[in-house]
Amino acid sequence: MIREEPAFKIKNANFPLFVVHIHTTDFDKLKSELGKRLTQTPDFFSNAPIVLGLAAIADSGCTPDFSELVSFMLGLGMRVAGVAGGSPEQCEAAVQAGLGLFPDTPTRPAPQISATPDELPPQSNAPLQPELPGFETQSEKPAASTESEKVSPDDNNKTIQPDSPSTEPHFRPTMVIDKPVRTGQRIYAEGADLVVLAIVNAGAELIADGDIHIYAPMRGRAIAGAHGNQNARIFVQRLEAELISIAGCFQVFENGVPENVRGKPAQVHLDGSRLIFQSLPG
């Protein structure tokens with residue numbers, strides 16, 4: 001007798017998610033700032049799932065109109081999957097609006113990215129991007145994990161803020177990818193270094209809790225030290241990236257990588273809270 005395969009299976013998974021931490025009950029102001037910031041980086045979220053962090057307004061006695069807010073954010077390419085950290089009333093309203101409930105997680109102060117004349121020449125075509133207030137990146141591992149982003153409001157730099165777990169992630173053997181990473185593909189080396197031996201196309205994303213080594217052209221996004229490891233580094237044979245991040249500091253290259261490392265072998269690391277780009281011997 002042939003065993004019939006079940007129609008579905010349920011498994012735990014570890015998916016990166018963005019968390020938008022809401023810090024105001026003035027939702028007109030919230031929508032205005034979201035719209036203003038995302039016109040500057042319109043493809044940043046690329047329809048990625050979003051969690052609304054409500055911890056800062058949990059005691060406000062104010063419950064958002066989730067249906068209206070979700071509809072507005074959808075127009076910006078942000079697909080809200082659920083909420084975290086709200087009051088019982090807020091969580092109930094979110095459930096009634098068809099959203100899921102995620103466990104709340106603590107956050108740590110965001111490191112700031114800065115540039116010096118050695119790293120980014122004055123005439124560089126890669127300006128630091130404006131900030132997106134309230135975004136943070138983190139990773140959880142219940143039924144679904146989260147990755148979010150935090151940005152401080154009064155600076156001209158942009159930061160991804162990974163959550164700071166109480167213990168360091170358990171490190172696993174290095175993940176090796178020997179095929180091209182396609183546009184829209186996302187690879188996460190959880191608790192491990194990541195080695196890529198083929199081209200990383202624009203629109204692809206590499207994430208690792210350790211270092212990232214790319215022995216080919218890098219045209220997508222590379223996020224190392226995703227759990228806050230500030231000693232993580234990124235090594236690239238040919239740097240043409242859209243975004244580079246280490247332990248919460250990131251830089252978007254909308255107009256191309258700086259001339260001193262563009263299309264060249266390079267490494268990226270942190271010096272304090274500064275994201276440093278250095279060329280390597282060819």
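This passage describes the chain, its helices, sheets and nonpolar cores, as they appear in a predicted model.

The chain has 282 residues, of which 49% count as buried. Its secondary structure consists of three helices and 16 strands. Among contacts with a sequence separation of 6 or more, 52% are between residues 24 or more positions apart. The exposed area of the chain is about 13700 Å², and 51% of this area is supplied by carbon and sulfur atoms.

Helix α1 comprises residues 27–38. The twelve residues of this helix should span 16 Å at 1.5 Å a residue, and the C-alpha atoms at its ends are 16 Å apart, so the expected and computed values agree. Buried positions in α1 are Phe27, Leu30, Lys31, Leu34, Gly35, Arg37 and Leu38.

Two open sheets are described here, beginning with one of five strands. In this sheet the strand order is β7-β9-β11-β13-β14, and the pairing is mixed. Its edges are formed by β7, residues 186–189, and β14, residues 249–252, each of which pairs on one side only. From one strand to the next, the twist averages 5°. Edge strand β7 pairs with β9, residues 205–208, in the parallel sense over four bridges. Within this pair, arginine 186 is opposite glutamate 205 of β9, and isoleucine 187 is opposite leucine 206 of β9. Strand β9 also pairs with β11, residues 221–224, again in the parallel sense, over three bridges. Here leucine 206 has alanine 222 of β11 as its bridge partner. Leucine 206 thus has a counterpart in β7 and another in β11. Both faces of β9 are covered: Glu205 and Ile207 are buried on one side, and Leu206 and Ala208 are buried on the other.

The other open sheet has six strands in the order β6-β8-β10-β12-β15-β16, also with mixed pairing. Strands β6 (175–177) and β16 (274–279) are its edges, and each pairs on one side only. Neighbouring strands in this sheet are turned against each other by 20° on average, direction ignored. Strand β12, residues 234–239, runs antiparallel to β15, residues 266–271, and the two pair over three bridges. One of the residues in this pairing is isoleucine 234, whose bridge partner in β15 is valine 268.

Nonpolar side chains tend to be buried together in soluble globular proteins. In this model, the largest nonpolar core contains 33 residues. The members that touch the most others in that core are Leu194, Leu206, Ile212, Ile234, Leu239, Ile244 and Ile246. Leucine 206, listed among these members, is also one of the buried residues of β9. Isoleucine 234 is likewise on the list and is bridged to valine 268 in β15. With residues up to four places away in sequence not counted, leucine 194 touches Met175, Ile177, Ile187, Ala189, Leu206, Ile207, Ala208, Asp211, Ile212 and His213. A second core, separate from the largest, has 20 residues, including Leu38, Ile50, Ile57 and Met73. Leu38 of this second core is also one of the buried residues of helix α1.

Notes. Residues are numbered from 1 along each chain as its sequence is written. This is a predicted model: local features need pLDDT of at least 70, side-chain atom pairs count only at pLDDT 80 or more; totals for chains, interfaces and linings use all residues. Side-chain values use heavy atoms; hydrogens and water are left out. A nonpolar core is a set of buried Ala, Val, Leu, Ile, Met, Phe, Trp, Tyr and Cys residues joined through side-chain atoms within 4.5 Å. Buried means under 20% relative accessible area, exposed over 50%, partly exposed in between (1.4 Å probe, protein chains only). Contact means heavy atoms within 4.5 Å. Two strands pair if DSSP finds at least two bridges between them. Axes are lines fitted to C-alpha atoms, for helices over the stretch in contact, and angles run from 0 to 180 degrees between N-to-C directions. Accessible areas come from the Shrake-Rupley method with a 1.4 Å probe; for residues, only the protein chains shown count as cover. The expected span of a helix is 1.5 Å times one less than its number of residues.
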